[in-house]
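Student: I've got a protein model open on my screen and I don't know where to begin. Can you walk me through how to read it?

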Amino acid sequence: MFVALTRISLIFCLFTAAAKADIMVEDSLGTHKLSAHPQRVAALNWDVAEQVLELGVTPIAMSDIGGYQEWVVQPKVPQGVVDIGTRTEPNLSLLAELKPDVILIASPQKDLMARLSAIAPVLFYQNYSAKHKNADAVVENYLRIAQLLNKTEFAQQRLADTQQELDSLSQQLLKAYGGELPEVAAIRFASTSSVYLYDENSIPVHALNRLGIRSAMPERGSQWGVAKKRITELAQVEQGMVLYFEPFAHHQALDNSRLWQAMPFVKHQRVSSVAATWSYGGAMSVLYNARALTKSLLELSPQ
């Protein structure tokens, strides 16, 4: 994180010295010159929108705000943000009418870059890739967006506060479990017969690791940090715990499933839901995942 911040700061200083009226900013594709720090920001992907909101900046436009409120949940979207349609097919005419200073995108909008560039400068932030550690990338891009929006000092303080809270959450768990934390498999249901298991490149497993907890079903890292599994494969979690993220609409069917009831972690009551928390968010999603996972683990703890 320190190296990333130093590199971003150096780029900023070098270019502002040569042309004080302009700023140089960095995204996942390189460096770009802008005439000033933008005020009217459009964020077309949820992870990018989350990063902007977590800097205390309200975007003028976001994609699929209803879906964001159901799945991402936090931070809240302030009143007045314009919903410009889906993440993959935003309403470009409406976006143009809003006259943004800059448009921030991620992988789902990359094929729209040429058309979006006709409206305003476009910056691309790739948080999720099999070629890097996603938990590091979200922090690096948070700092890049902070520099873009002239919020670097604010971002540094948020990150420092986050580390302190993660340490505190870890201590709470150690106390509740008598110093020996259980292994945990973090999942999200795909159906009543299959799940998405979070792997080593996921935000939930990074949050667990940061709390001092190892995965009960280690899986090699992938772009989005998930691997689809049949529920029967969860039977290998004999001693650990299984935590599944909400929302899940088929609790009753699962409770009536003999297969589910036969799982060792179900028999021994080592399974719990986790409050809806986005697994593909920005830098602060690590903290949100850690808070939600900690709450569930404390409810299952022996003390």
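Tutor: We'll go through strands, a helix, a cavity and a pocket in turn. Keep in mind that this is a predicted model.

Student: Okay, strands to begin with. How do strands hold on to each other in a sheet?

Tutor: Here's the general idea: strands of a sheet pair through backbone hydrogen bonds, in either a parallel or an antiparallel way. Now look at β1 (residues 23-27) and β2 (residues 30-34), which pair antiparallel over five bridges. A hairpin of two residues links β1 to β2. If you want one pair to click on, Met 24 has Lys 33 in β2 as its bridge partner.

Student: Which strands make up the open sheet, and in what order?

Tutor: That open sheet has five strands in the order β5-β4-β3-β6-β7, and the pairing is parallel. β5 (82-83) and β7 sit at the edges with a single partner strand each, so one side of each has no neighbour in the sheet. To see an edge pairing, find β4 (residues 61-62): β4 and β5 pair in the parallel sense over two bridges. Ala 61 stands opposite Val 82 in β5.

Student: Is β8 largely enclosed or left open by the rest of the structure?

Tutor: It's enclosed. Six of the six residues of β8 (residues 184-189) are buried, so the rest of the structure largely encloses this strand. Check both faces: Val 184, Ala 186 and Arg 188 point one way, Ala 185, Ile 187 and Phe 189 point the other way, and all are buried.

Student: Which strands does β8 pair with?

Tutor: One is β11 (residues 241-245), which pairs with β8 in the parallel sense over four bridges. There, Ala 186 stands opposite Leu 243. Another is β9 (residues 194-198), which runs antiparallel to β8 and is joined to it by three bridges. In that pairing Arg 188 stands opposite Tyr 196. A hairpin of four residues takes you from β8 to β9.

Student: Where do the side chains of β10 point?

Tutor: They alternate along β10 (residues 226-230). Ala 227 and Lys 229 point to one face and are buried, while Val 226, Lys 228 and Arg 230 point to the other face and are not buried. β10 runs antiparallel to β9, and five bridges join them. One of the pairs to look for is Tyr 198 with Val 226.

Student: Now helices. How do I read which way a helix residue faces?

Tutor: In general, an α-helix has 3.6 residues a turn, so residues three or four places apart point the same way. Try it on α8 (203-210). Its buried residues include Ile 203, Pro 204, Val 205, Ala 207 and Leu 208. The buried residues of α8 pack against α6, β8, β9, β11 and α12 (285-300).

Student: What should I look at around the ends of α8?

Tutor: At the start, a side-chain oxygen of Ser 202 comes to within 3.2 Å of the backbone nitrogen of Val 205. After the helix comes Gly 212, with a positive phi near 95°.

Student: How many cavities of 30 Å³ or more does the structure hold?

Tutor: One. The largest cavity has about 30 Å³ of space. Among the residues lining it are Asn 45, Asp 47, Tyr 125, Asn 127 and Trp 224. By class, that lining has five nonpolar, four polar and one charged residues.

Student: Why does Asn 127 count as buried?

Tutor: Because its relative accessibility is 2%, and buried means under 20%. Asn 127 is in the loop between β7 (122-124) and α6 (134-148). The side chain of Asn 127 makes a polar contact with the side chain of Asp 47, at 2.8 Å.

Student: And what about the largest pocket: how much space lies in it?

Tutor: About 360 Å³. Of the 21 residues lining the largest pocket, Ala 135, Asp 136, Ala 137, Val 139 and Glu 140 are the closest to its centre. The helix α6 gives the most to this lining, with seven residues. By class, the pocket lining has nine nonpolar, seven polar and five charged residues.

How values were computed
Residues numbered from 1 in each chain as written. Predicted model: local features only at pLDDT ≥ 70, side-chain atom pairs only at ≥ 80, totals over all residues. Heavy atoms only, no water. 1 Å grid on protein atoms, 1.4 Å probe; cavity = no way out; pocket = protein on both sides within 12 Å on 5 of 7 lines; lining within 4 Å. Points joined across faces, edges and corners; volume = space filled by probe spheres on them. Nonpolar A, V, L, I, M, F, W, Y, C, P; charged D, E, K, R; others polar. Buried < 20%, exposed > 50% of the residue type's maximum accessible area, 1.4 Å probe, protein only. Polar contact = N/O pair within 3.5 Å; in protein donor to acceptor, adjacent residues only side chain to side chain. Pairing = 2+ DSSP bridges. Contact = heavy atoms within 4.5 Å.
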